[in-house]
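Open the model in a viewer and keep a selection prompt ready. The stops below go from one salt bridge to the next, then to the rings and the surface.

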Amino acid sequence: MLNVKLLAHTPEPERVVAAAARLCYSAAGVDALLEKSTPEKDAKFVRMLAGLGHASPIEHASFTFAIEGVSRSLLAQITRHRIASYSVQSQRYVRLDDFHFVIPPEVEADPAAKAAFLKAMEEEGQHYLNIAAALQEKHRKELMAQGLSEQEADKKAEKLANEDARFVLPNACETKMVVTMNARSLQNFFRVRCCNRAQWEIRALAEEMYKLVYPVAPALFENMGPGCVCGGCTEGKMSCGKASEMRAKYQALRRELVPEEGQG
């Protein structure tokens, strides 16, 4: 099951962004700029930046998430967002004796499809364990013949076995990761992945991440969400045709997350 936590973020992110941006236009030093800073002034300045398209100061604020219960299929998608840092559970070092997996909603809703899916997962899991065991024994013998102790050989053989056995694991296999993005990268991530046309799993992740960061920095993320929330649909003829519904959805979400700020 998807589980997302905001582990850390830049303290007072809107203050940091506003100070960085003001420095570009002021002869004063950072200390002087910060002395005149207030949450209201910072939020107003951040909104002005969005209107000007001056996005580089937004990169000074970053957010770190712990993400669990997602598939390796999602991992392949999220790492396409290159201006980010990723730490992912290793299938080389972690033996998945009883691997968990993500079931797509359409599969979950169809009894026949679900039964076939579960059978496939069980078979893949057994194949993985059989391959890992065979390779581990092979490597163990070879390493002991090279002079390693039985304990040392077992430890190294397990990693070597995992390295190749993992090739049989399915995209559905669950993984865990820690992801850090700056606010500008997050804005882009939300525009692309909150869209109705994004794949269901990464869209669900993006929505949960949005819910976590918006209360922390509402001025930075108030017009974020799918592309149609802050402008016209970017999908062209592939549009879902629900731009007005998506705008209403995110307006309601913002009001729910931050009642006062979300009224705008």
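Start by selecting E163, which is partly exposed at 22% relative accessibility; buried means under 20% relative accessible area, exposed over 50%, and partly exposed in between (1.4 Å probe, protein chains only). Add R92, also partly exposed, at 27%. The two side chains form a salt bridge, 2.5 Å from N to O, where the term means a side-chain nitrogen of Lys or Arg within 4 Å of a carboxyl oxygen of Asp or Glu. This pair links distant parts of the chain, 71 residues apart: E163 is in helix α7 (residues 150-165) and R92 in the loop between β3 and α5. Helices (H or I, at least four residues) and strands (E, at least two) are DSSP runs, numbered from the N terminus.

Before going on, note the ground rules. The model is predicted, with pLDDT of at least 70 needed for local features and 80 or more for side-chain atom pairs, while totals for chains, interfaces and linings use all residues. Residues are numbered from 1 along each chain as its sequence is written, and side-chain values use heavy atoms, with hydrogens and water left out.

Colour by pLDDT, the predictor's confidence in each residue from 0 to 100. The protein has a mean of 91, with 98% of its residues at 70 or more. Confidence is lowest in helix α2 (residues 30-35), with a mean of 74, and highest in strand β1 (residues 3-9), at 98.

Stay in the loop between β3 (84-88) and α5 (105-108) and pick S90. S90 is partly exposed, at 26% relative accessibility. Measure from its C-alpha to that of M177: the distance is 9.6 Å, across 87 residues of sequence.

How many salt bridges does a search of the whole structure find? The search finds 13. Select R140 and E137 for another of them, with the closest N and O atoms 2.9 Å apart. Both residues lie in helix α6 (residues 111-145), three residues apart, about one turn of the helix. R140 is buried at 17% relative accessibility, whereas E137 is partly exposed at 32%.

Next, show E207 and K249, whose side chains meet in a salt bridge at 2.9 Å, N to O. E207 is in helix α9 (residues 200-213) and K249 in helix α12 (residues 243-257), so this pair ties together parts 42 residues apart in sequence. E207 counts as buried, at 17%, and K249 as partly exposed, at 37%. Then return to R140 and add K141 and D154: with E137, these residues form one network of salt bridges that share partners.

Now display the aromatic rings. The structure holds eight aromatic pairs, counted for Phe, Tyr and Trp (its six-membered ring) when ring centres lie within 6.5 Å; planes under 30 degrees apart are stacked, over 60 edge-to-face, and the rest tilted. Y210 and Y214 are stacked because their ring centres are 5.8 Å apart and their planes at 15°. Y210 is buried at 0% relative accessibility, as is Y214 at 1%. Select F63, F189, F190, Y210, Y214, F221 and Y250 to see a cluster linked by ring pairs.

Finish with R22, whose charged end sits over the ring of F45, 4.7 Å from the ring centre; the criterion is NZ of Lys or CZ of Arg within 6 Å of the centre and within 35 degrees of the ring normal. As a last selection, take L52 in helix α3 (residues 39-52), which is exposed at 55% relative accessible area.
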